[in-house]
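Subject: Structure for your review

Dear colleague,

Please find below the structure that I am handing over to you. My findings follow directly after it, arranged by topic.

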Amino acid sequence: MKIAVPKEIKNHEYRVALTPSGARELVARGHSVAVQSGAGEGAGFPDASYEAAGASLEAKVDTLWRDAELILKVKEPQAEEVARLAAGQTLFTYLHLAAEEMLTRGLMASGATCIAYETITDRQGGLPLLAPMSTVAGRMAVQAGAHCLEKAQGGAGVLLPGVPGVAPGKVAVIGGGVVGENAARMALGLGAEVTVLDKSIERLEVLDDRYQGRMKTVFSTADALDQVVRESDLIVGAVLIPGAAAPKLITRAMLADMKPGSVLVDVAIDQGGCFETSRATTHADPTYIVDGIVHYCVANMPGAVAQTSTLALTNATMPFVIALADKGWQQALANDAHFLPGLNVHDGQVTYRAVAEAFGLESVDPTRLVS
Ligand SMILES: NC(=O)C1=CN([C@@H]2O[C@H](COP(=O)(O)OP(=O)(O)OC[C@H]3O[C@@H](n4cnc5c(N)ncnc54)[C@H](O)[C@@H]3O)[C@@H](O)[C@H]2O)C=CC1
Ligand SMILES: CC(=O)C(=O)O
Ligand SMILES: [Mg+2]
């Protein structure tokens, strides 16, 4: 199969969808791999390392896209990439469509087959291609939040660990999944006072057991949210309903109850964000202030630590890339019930129900397309 790896073009996105080691595996299986010149540079993989692995380099982005059967990316296609996508091509990347109607309609209009990393499942009920980047983003969320608490960023001037004789800051994490656990773990490591809220008792049990009471676990209700809003210095938004738009759990009115200069880090922003006042920001300009509250809402946080993130992401994506390349999308999805929910758009139709519901569209059951 002809596989293409474009250079990512989202703001400060330095990850790449395939490492030289991955290229070597695909070439050994008889596939041709074309990598856009410079695509791996930001993640620490120079062009020469892809050539040494048997890939070819392509400087012309139009040629790269036009000749591809399978396109491997990291972030959702930007407008100029959607325009390049054509019927008969398969795109494998993060999509987060429920947050972006224009993108959804653009992919439908392209006629291509679009498979999302973030809706592929595993036997344990997890999201194995989201988890590595959620681990990264969760760990970064507290780093980012601690920085935002500094006065120069508009923050209250609170040092999360405190100092002898001064109490530590309070961190609340809403959603105790992969992002949430990793954020909570970092905040604990810094010495902050940590509370995790979740709707899933099972998740709260896991966290309680794993951290032996060092973090508070709270069932997430409107009352519980009111309380953490009043008390916290930093709140991390980390909820997810797979494939769907995130619920808005902190409204603008609730900001009035927060301490001035406290911080909201909305990691769930890629699914639209879980705070009413969230809007996506970039690494170039990551924060803004609403009603005295600092907001950090970067939708591609792991792109900033591209070396770590590229390795972690491609470790997880590679088996699926190999299946797509060896078997084609139909057979690869037909053979794997956990790969199948990755299909979001095919030939003008939305195939993931939560995405269709977000925009009042019809959805097609993906099993009908692969059997
Ligand atoms: N901004 C960025 O750069 C990145 C964003 N993300 C995003 O972070 C979000 C979280 O991802 P994961 O932790 O992997 O998901 P996850 O599925 O592991 O965890 C989500 C948790 O939210 C809980 N939840 C759902 N609704 C809730 C509610 N109303 N109240 C409280 N808890 C609720 C679930 O029970 C679950 O434990 C996703 O939107 C994901 O796409 C992930 C990586 C990078
Ligand atoms: C998951 C996601 O949005 C990212 O890694 O950028
Ligand atoms: Mg986006």
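The largest nonpolar core has 120 residues in this predicted model. Those with the most contacts inside this core are Ala 141, Ile 174, Ala 183, Val 236 and Val 267. The core draws at least three residues from each of two domains, namely domain 1 (2-120 + 306-370) and domain 2 (131-299). For Ala 183, contacts beyond four places in sequence are made with Gly 138, Ala 141, Val 142, Val 173, Val 236 and Ala 238.

The division of the chain comes next. The domain assignment gives domain 1, made of 2-120 and 306-370, and domain 2, which covers 131-299. Taken over C-alpha atoms, the centres of domain 1 and domain 2 are separated by 30 Å. In the contact between them, 16 residues come from domain 1 and 13 residues from domain 2. On the side of domain 1 that touches domain 2, the elements giving two or more residues are helix H11 (306-334) and helix H12 (353-358). H11 supplies the largest share of that side, six residues. By class, this side of domain 1 has nine nonpolar and seven polar residues, and no charged residues.

I turn now to the annotated positions. In an unreviewed entry, UniProt places the feature "active site" at His 96 and Asp 270. These positions span 175 residues in sequence, yet no two of their C-alpha atoms are more than 6.3 Å apart, so they gather at one spot.

Where in the fold does each of them lie? His 96 is in the loop between strand S5 (90-93) and helix H5 (101-110), whereas Asp 270 is in the loop between strand S11 (263-266) and strand S12 (287-290). A residue counts as buried if 20 or more other C-beta atoms lie within 10 Å of its own. His 96 has 25 such atoms within 10 Å and is therefore buried. Asp 270 has 27 other C-beta atoms within 10 Å, so Asp 270 is buried as well.

Leaving aside residues up to four places away in sequence, His 96 touches Glu 76, Glu 118, Asp 270 and Gln 271. On the same basis, Asp 270 touches His 96, Ala 99 and Ala 299.

Asp 270 and Ala 299 also belong to the surroundings of ligand 2. The other residues around ligand 2 are Lys 75, Tyr 94, Leu 130, Met 133, Asn 300 and Pro 302. This shell divides into five nonpolar residues, one polar residue and two charged residues.

Finally, two points concern the backbone. Gln 212 has a positive phi of about 50° although Gln 212 is not a glycine. This residue lies in the loop between helix H8 (201-211) and strand S9 (216-219). Gln 212 has 7 C-beta neighbours inside 10 Å and therefore counts as exposed, since the limit for an exposed residue is 12 or fewer.

Asp 347, likewise a residue other than glycine, has a positive phi near 50°. Its place is in the loop between strand S14 (343-346) and strand S15 (349-350). With 14 C-beta neighbours inside 10 Å, Asp 347 counts as partly exposed.

With kind regards

Notes: Residues are numbered from 1 along each chain as its sequence is written. Chains are lettered from A and ligands numbered from 1 in the order in which they are written. This is a predicted model: local features need pLDDT of at least 70, side-chain atom pairs count only at pLDDT 80 or more; totals for chains, interfaces and linings use all residues. UniProt positions are given in the numbering used here, feature names are shortened, and annotations may be inferred rather than shown by experiment. Helices (H or I, at least four residues) and strands (E, at least two) are DSSP runs, numbered from the N terminus. Two residues are in contact if their C-beta atoms, placed from the backbone, lie within 7 Å. A residue is near a molecule or strand if its C-beta atom, placed from the backbone, lies within 6 Å of it. Ala, Val, Leu, Ile, Met, Phe, Trp, Tyr, Cys and Pro count as nonpolar, Asp, Glu, Lys and Arg as charged, and the others, Gly among them, as polar. A nonpolar core is a set of buried Ala, Val, Leu, Ile, Met, Phe, Trp, Tyr and Cys residues joined through C-beta atoms within 7 Å. Domain bounds come from an automatic or database domain assignment.
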